[in-house]
Amino acid sequence: MTVGPAVAFVRYDETGAVTEWGRMALGVIERQRQGGARIIAGGGGPDFYVDLETRETRPKQDNPARLDGMTLRDVPVPATVMIGRTSYAVTDPVVELEFPLPGTYAIEVRSVRHLAKTFTVQIFEVTA
């Protein structure tokens with residue numbers, strides 16, 4: 001049985017985040033899709049997402065988040081804010097940051113439709 005030439009594909013999760021990409025026979029992609037797999041023919045990679053309404057890959061946009069003192073503003077919703085290895089689900093475009101100890105902290109804002117954006121905060125003294 002012939003399944004056709006290899007074409008670009010992406011797999012994605014329930015949010016539209018691309019989880020795998022590569023090349024595969026179009027017939028195999030179609031069989032997996034009919035079997036319920038979240039897979040489509042089309043190019044993509046870590047800087048793409050799948051629009052769940054159109055089932056098309058789209059490039060991620062620049063992340064609008066910005067750091068204003070100890071406040072993240074314009075955070076895309078929903079998003080995940082990573083501080084070190086700890087992740088926080090964010091459902092508000094404004095996030096107040098607090099840190100228990102002095103030090104340098106890397107803060108990454110992740111969103112399905114936006115490129116990741118990283119900020120660095122340096123805490124010299126904690127006031128309680």
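Here is a short walk through this predicted model, from its overall fold to the charged pairs on its side chains.

Let us start with the chain as a whole. The protein is built from one helix and 12 strands. Following the sequence from its beginning, you meet them in the order β-β-α-β-β-β-β-β-β-β-β-β-β. With a radius of gyration of 19 Å, well over the 14 Å that the globule rule gives for 128 residues, the protein is more spread out than a compact globule. The box that holds its C-alpha atoms, taken along the principal axes, has sides of roughly 70 × 25 × 20 Å.

How much of such a chain is buried? The share is 29% of the 128 residues. The accessible surface amounts to about 8200 Å², and carbon and sulfur atoms supply 51% of that area. As for contacts, take those with a separation of 6 or more: 45% of them join residues 24 or more positions apart.

Now for the charges. The protein carries 14 positive and 16 negative charges, and the mean positions of the two sets lie 9 Å apart. Side chains of opposite charge can pair when their charged atoms come close. In this model the count of salt bridges is eight, and a few of them are worth visiting in turn.

Begin near the start of the chain, with arginine 11 and glutamate 20. These two form a salt bridge whose closest N and O atoms are 2.9 Å apart. Glutamate 20 counts as partly exposed, because its relative accessibility is 35%.

Next, look at arginine 38 and glutamate 14, whose side chains meet in a salt bridge with an N to O distance of 3.9 Å. Arginine 38 sits in the loop between helix 1 (26–34) and strand 3 (39–41), while glutamate 14 belongs to the loop between strand 1 (6–12) and strand 2 (18–25), so this pair ties together parts that are 24 residues apart in sequence. Is each partner buried or exposed? Arginine 38 is partly exposed at 42% relative accessibility, whereas glutamate 14 is exposed, its relative accessible area being 53%. The cut-off that separates these two classes is 50%.

Further along, aspartate 74 and arginine 66 form another salt bridge, at 2.8 Å from N to O. Here both residues fall in the partly exposed class, with relative accessibilities of 38% for aspartate 74 and 40% for arginine 66.

Finally, salt bridges can also be joined up: Asp51, Glu56 and Arg58 are linked in a network of them.

Technical notes: Residues are numbered from 1 along each chain as its sequence is written. This is a predicted model: local features need pLDDT of at least 70, side-chain atom pairs count only at pLDDT 80 or more; totals for chains, interfaces and linings use all residues. Side-chain values use heavy atoms; hydrogens and water are left out. Helices (H or I, at least four residues) and strands (E, at least two) are DSSP runs, numbered from the N terminus. The radius of gyration is taken over C-alpha atoms; the globule rule is 2.2 Å times the number of residues to the power 0.38. Buried means under 20% relative accessible area, exposed over 50%, partly exposed in between (1.4 Å probe, protein chains only). Contact means heavy atoms within 4.5 Å. Accessible areas come from the Shrake-Rupley method with a 1.4 Å probe; for residues, only the protein chains shown count as cover. Lys and Arg count as positive and Asp and Glu as negative; His and the chain ends are not counted. The place of a charge is taken as NZ of Lys, CZ of Arg, CG of Asp or CD of Glu. A salt bridge is a side-chain nitrogen of Lys or Arg within 4 Å of a carboxyl oxygen of Asp or Glu.
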